[in-house]
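User: This structure is new to me. Please go through it with me in questions and short answers.

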Amino acid sequence: MRTLILSAEDVAAAVRHVGLNALMDEVIAALHAACDDQHGNETYDVPKREGFSYDNPAVGLLEWMPLLKRDVEAFIKLVGYHPNNPWKRGLPTVLSSLLKFDTTNGHLRVVADGTLATAIRTGAASAVASRILARPDSSTLGLIGAGAQAVTQLHALSRLFPIREVYVCDIDERVAQSFARRVETLRLDDVRFHVCAANEVAGAADILCTATSVAVGGGPVFEDGALLPSVHINAVGSDFPGKTELPRSLLDRALVCPDYLPQAAREGECQALPPEQLGPDLMQLVRGCGQYAANQTRTTVFDSTGFALEDYVVLGVLERIAAEIGLGLEVEMESRSDPHDPYAGLAGSPAAPLRIGVDLKEAVAAGGLQRPGKNR
Ligand SMILES: NC(=O)c1ccc[n+]([C@@H]2O[C@H](COP(=O)([O-])OP(=O)(O)OC[C@H]3O[C@@H](n4cnc5c(N)ncnc54)[C@H](O)[C@@H]3O)[C@@H](O)[C@H]2O)c1
């Protein structure tokens, strides 16, 4: 009944152990394999995510993303989205935790930091879709929105495509200008970086990733115009009702592929389109990849809202590495008292016996305590 806790430092140690590129390659392969599972629809039950959105004390969103692997285990990701975090609090916009449960008894088996894992799996998802929908010789990457997700978009795509030129823009000039420095860890020595306006980025790209924190109703983040006819777009930032990044005219001529239709239809670029205009989802794309490669010469969109299977897959990879090198802390998190007596576990030692405390009714009667609000 122990719970394995993998902190941010444990996750970082797992990544250091295998190496950043090896980890990204493994997550791309594992996600592809999970999507390729012919029995996937019977294996996984993935309800749509739910959450709270609020404007106070800060503009934000807190969501829970469940998954049941039937007959095996359950998983929930808790994710917070607070777009003012970077500049107001020095924190990432997306903070998250990953939880795994034993479905024989409800025991919480694993709690892991999900912040780095989210960024890695979001990059990996774009890579899985782009391998099918983008031209294999794509060498120019456009990034609109140059924050945390943009880093892993470049990383994941650089593992599959011969990226040589990266065009970057961000409404925050400091974020755009710092991008090349922030990706030095990837050692992409042959890549040249250019900071320019959104429409220029879109016009130059063989593959375009939009990963902005645009506000609800604030899109599109570039104008439809001089895009390459074969451009493939990973639309990463549209993940809430009303929050979209792409121009409608572009969606109308493109093959638009949701990651997970029930969610993308509510939160992604797909919310703008009628059902008959939607292409295959990520699982269908992977399972029929030969058939969909014919679309590499036309405009394609991967509508990435981010779904729980991606998080479940990346946690599986991290758990494997943690077990291999003994990472994490195991704690007795849950009470294991007498099944019929929740107080049984409270019995202390003779040196520290269970205190019953003051009887509230007697204390009030004796005038030692006042009922709340009595003298107002
Ligand atoms: N699809 C997924 O699986 C997935 C996963 C994680 C995050 N996201 C989404 O991706 C987006 C980016 O997340 P992040 O963690 O990189 O956030 P971030 O805050 O690190 O970066 C977002 C950047 O977008 C910029 N931006 C906002 N509006 C813009 C605009 N109109 N044009 C250009 N730049 C603009 C901001 O200045 C910011 O630097 C968010 O919307 C988030 O909800 C999606």
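User: From which domains does the shell around the ligand draw at least three residues each?

Analyst: The model is predicted, so local features need pLDDT of at least 70 and side-chain atom pairs count only at pLDDT 80 or more, while totals for chains, interfaces and linings use all residues. Residues are numbered from 1 along each chain as its sequence is written. Domain bounds come from an automatic or database domain assignment. The shell takes at least three residues from each of two domains: domain 1 (3-116 + 311-331) and domain 2 (134-305).

User: How many residues surround the ligand?

Analyst: A residue is near the ligand if its C-beta atom, placed from the backbone, lies within 6 Å of it. The closest are T93, G145, G147, Q149 and G306. The number surrounding the ligand is 31.

User: Which element gives the most residues to the shell around the ligand?

Analyst: Helices (H or I, at least four residues) and strands (E, at least two) are DSSP runs, numbered from the N terminus. By class, the shell has 16 nonpolar, twelve polar and three charged residues; Ala, Val, Leu, Ile, Met, Phe, Trp, Tyr, Cys and Pro count as nonpolar, Asp, Glu, Lys and Arg as charged, and the others, Gly among them, as polar. With three residues, the element that gives the most to the shell is α6.

User: How many of the residues of α6 are buried?

Analyst: A residue is buried if 20 or more other C-beta atoms lie within 10 Å of its own, exposed if 12 or fewer, and partly exposed in between, with C-beta atoms placed from the backbone. Among the buried residues of α6 are Q149, A150, Q153 and L154. The helix is mostly covered, and the count of buried residues is eleven of eleven.

User: Which residues of α6 are among the contacts of L143?

Analyst: Two residues are in contact if their C-beta atoms, placed from the backbone, lie within 7 Å. Leaving aside neighbours within four places in sequence, L143 is in contact with residues that include V166, V168, V201, C209 and A211. The buried residues of α6 include three more names on that list. They are A150, Q153 and L154.

User: Which element gives the most residues to the largest nonpolar core?

Analyst: A nonpolar core is a set of buried Ala, Val, Leu, Ile, Met, Phe, Trp, Tyr and Cys residues joined through C-beta atoms within 7 Å. The largest has 98 residues, and those with the most contacts inside it are V27, A124, V128, L143, V201 and L318. Eleven residues of this core come from the element that gives the most, α5.

User: Which helix gives the most to the side of domain 1 that touches domain 2?

Analyst: The C-alpha centres of the two domains lie 23 Å apart. Across the boundary, 18 residues of domain 1 are in contact with 16 residues of domain 2. With eight residues, the helix that gives the most to the domain 1 side is α2 (residues 20-36).

User: To which strands is β1 joined by bridges?

Analyst: Two strands pair if DSSP finds at least two bridges between them. Three bridges join β1 to an antiparallel strand, where V331 is the partner of T3. Three bridges also join β1 to a parallel strand, where A112 is the partner of L6. The two strands are β15 (residues 329-331) and β7 (residues 108-113).

User: Which side chains of β1 point to the buried face?

Analyst: In a regular strand the side chains alternate between the two faces of the sheet. Along β1 (residues 3-6), T3 and I5 point to one face and are not buried. The side chains on the other face are buried, and they are L4 and L6.

User: Which residues are joined by cis peptide bonds?

Analyst: Most peptide bonds are trans. One exception lies in the loop between β3 (50-54) and β4 (60-69), at P57. Another lies in the loop between β11 (207-210) and β12 (232-235), at P220. In both bonds omega is about 0°, and the pairs are N56 with P57 and G219 with P220.

User: Is D71, which has a positive phi, buried or exposed?

Analyst: Most residues other than glycine have a negative phi. D71 is not a glycine, yet its phi is about 70°, and its place is in the loop between β4 and β5 (73-81). Because 7 other C-beta atoms lie within 10 Å, D71 counts as exposed.
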